[in-house]
Amino acid sequence: MKRRQFLQAGAFVGMASAGILSALPVSAADEAFVQPPLPYGLDGLKPFMSEEQMNFHYNKHHAGYYANLKKLVDGKPEAQWSLDDIVIKSEPGPVFNNAAQAWNHAFFWNCLAPVRKEGRPNVQNVQKLFAAIDRDFGGLAQFKEQFVAKATALFGSGWCWLAADKDGKLDILPLSNAGNPLKQGLKPLLVVDVWEHAYYIDYRNERGKFLKTFVEHIDWGFVSKNYG
Ligand SMILES: [Fe+2]
């Protein structure tokens with residue numbers, strides 16, 4: 001399956017027995033530097049995110065990381081690696097920063113779902129995940145509250161993740177800059193972008209308001225597939 005189809009299918013992670021490295025969208029090198037399409041239209045998340053916000057975020061910021069990465073690895077061994085391998089193996093620096101930003105955004109788009117006509121995002125086949133959320137956070141409402149609080153408190157730019165360890169235990173990880181749980185050997189399940197560019201057009205400086213709306217637009221089906 002091509003990387004693009006993989007992303008569209010929302011099947012980023014989840015083949016548990018294969019392990020983190022091979023479960024992620026390992027792809028031919030020529031696909032590693034191609035920005036995947038959004039799983040919905042630029043206006044698909046209105047009113048949570050406006051078309052203007054999405055256009056800047058996807059077509060300027062996210063696209064820019066792919067363009068930078070391509071230039072940075074041109075003629076170097078990394079040009080033949082998968083994006084996953086670059087994220088996992090690179091030392092701190094520009095190559096890691098741009099690769100992780102490309103990876104994180106592609107994952108972030110898949111974490112989001114338009115609110116359906118019946119008034120809620122995709123919540124099918126999530127029993128195992130929700131049982132783990134009950135066990136590790138005390139319930140879905142408590143998880144949302146803790147996730148919003150930790151993401152709000154993250155100083156500066158970064159990403160707030162829900163990740164699982166090898167035993168399936170869940171944790172909320174606020175990581176600065178281009179941080180990614182793969183670096184810690186953890187499985188990414190859910191992420192929100194808290195770089196200011198993610199919300200400033202629609203929410204100005206109100207990160208907390210953006211996050212409280214974000215948790216009502218999570219594609220739990222995608223998160224559940226990632227959990228496995
Ligand atoms: Fe972003």
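**Figure 1. What helix α10 packs against.** In this predicted model, the buried residues of α10 pack against three elements: α8 (140–153), β3 (187–193) and α9 (200–203). Which residues of α10 are the buried ones? Helix α10 covers residues 207–214, and its buried residues are R207, F210, L211 and F214. These residues sit on the same side of α10, because they cover an arc of only 95 degrees around the axis.

**Figure 2. Helix α4 meets helix α6.** Here we're looking at helix α4 (residues 51–73) packed with helix α6 (residues 94–111). Their axes are 8 Å apart and make an angle of about 145 degrees, and α4 passes α6 in a left-handed crossing. On the α4 side, the contact is made by H62, Y65, Y66, N68, L69, L72 and V73. Helix α6 brings P94, V95, N98, A99, Q101, A102 and H105 to the contact. What kinds of residues are these, nonpolar, polar or charged? The residues of this contact of α4 with α6 split into nine nonpolar and five polar, with no charged ones.

**Figure 3. The three-stranded sheet.** Zoom in on the strands and you'll find an open sheet in the order β2-β1-β3, with antiparallel pairing. Strands β2 (170–176) and β3 are at the edges and have a single partner strand each, so one side of each has no neighbour in the sheet. From one strand to the next, the twist averages 25 degrees. Strand β1 (residues 158–164) pairs with β2 in the antiparallel sense, over seven bridges. For a landmark, try W161, which stands opposite L173 in β2.

**Figure 4. Helix α6 against the sheet.** Back to α6, this time with the strands in view. Helix α6 lies across β1 and β3. How does α6 run relative to β3? The angle between α6 and β3 is about 85 degrees.

**Figure 5. W220 in helix α11.** This close-up picks out W220, a residue of helix α11 (residues 220–227). Is W220 buried or exposed? W220 is buried, because 22 other C-beta atoms lie within 10 Å, where 20 or more is the mark of a buried residue. Look for A113 too: W220 and A113 are 107 residues apart along the chain, yet their C-alpha atoms are separated by 8.6 Å.

**Figure 6. Stepping back to the protein chain.** The protein chain has eleven helices and three strands. From the N terminus on, its elements run α-α-α-α-α-α-α-α-β-β-β-α-α-α. Of the 228 residues in the protein chain, 37% are buried. Among contacts with a separation of 6 or more, 68% come from residues 24 or more positions apart.

How values were computed. Residues numbered from 1 in each chain as written. Predicted model: local features only at pLDDT ≥ 70, side-chain atom pairs only at ≥ 80, totals over all residues. Helix = DSSP H or I, 4+ residues; strand = E, 2+ residues; numbered from the N terminus. Buried ≥ 20, exposed ≤ 12 C-beta atoms within 10 Å, placed from the backbone. Contact = placed C-beta atoms within 7 Å. Arc of directions from axis to C-beta. Axes fitted to C-alpha atoms, helices over the stretch in contact; angles between N-to-C directions. Left-handed = near helix turned anticlockwise from the far one by under 90°. Nonpolar A, V, L, I, M, F, W, Y, C, P; charged D, E, K, R; others polar. Pairing = 2+ DSSP bridges.
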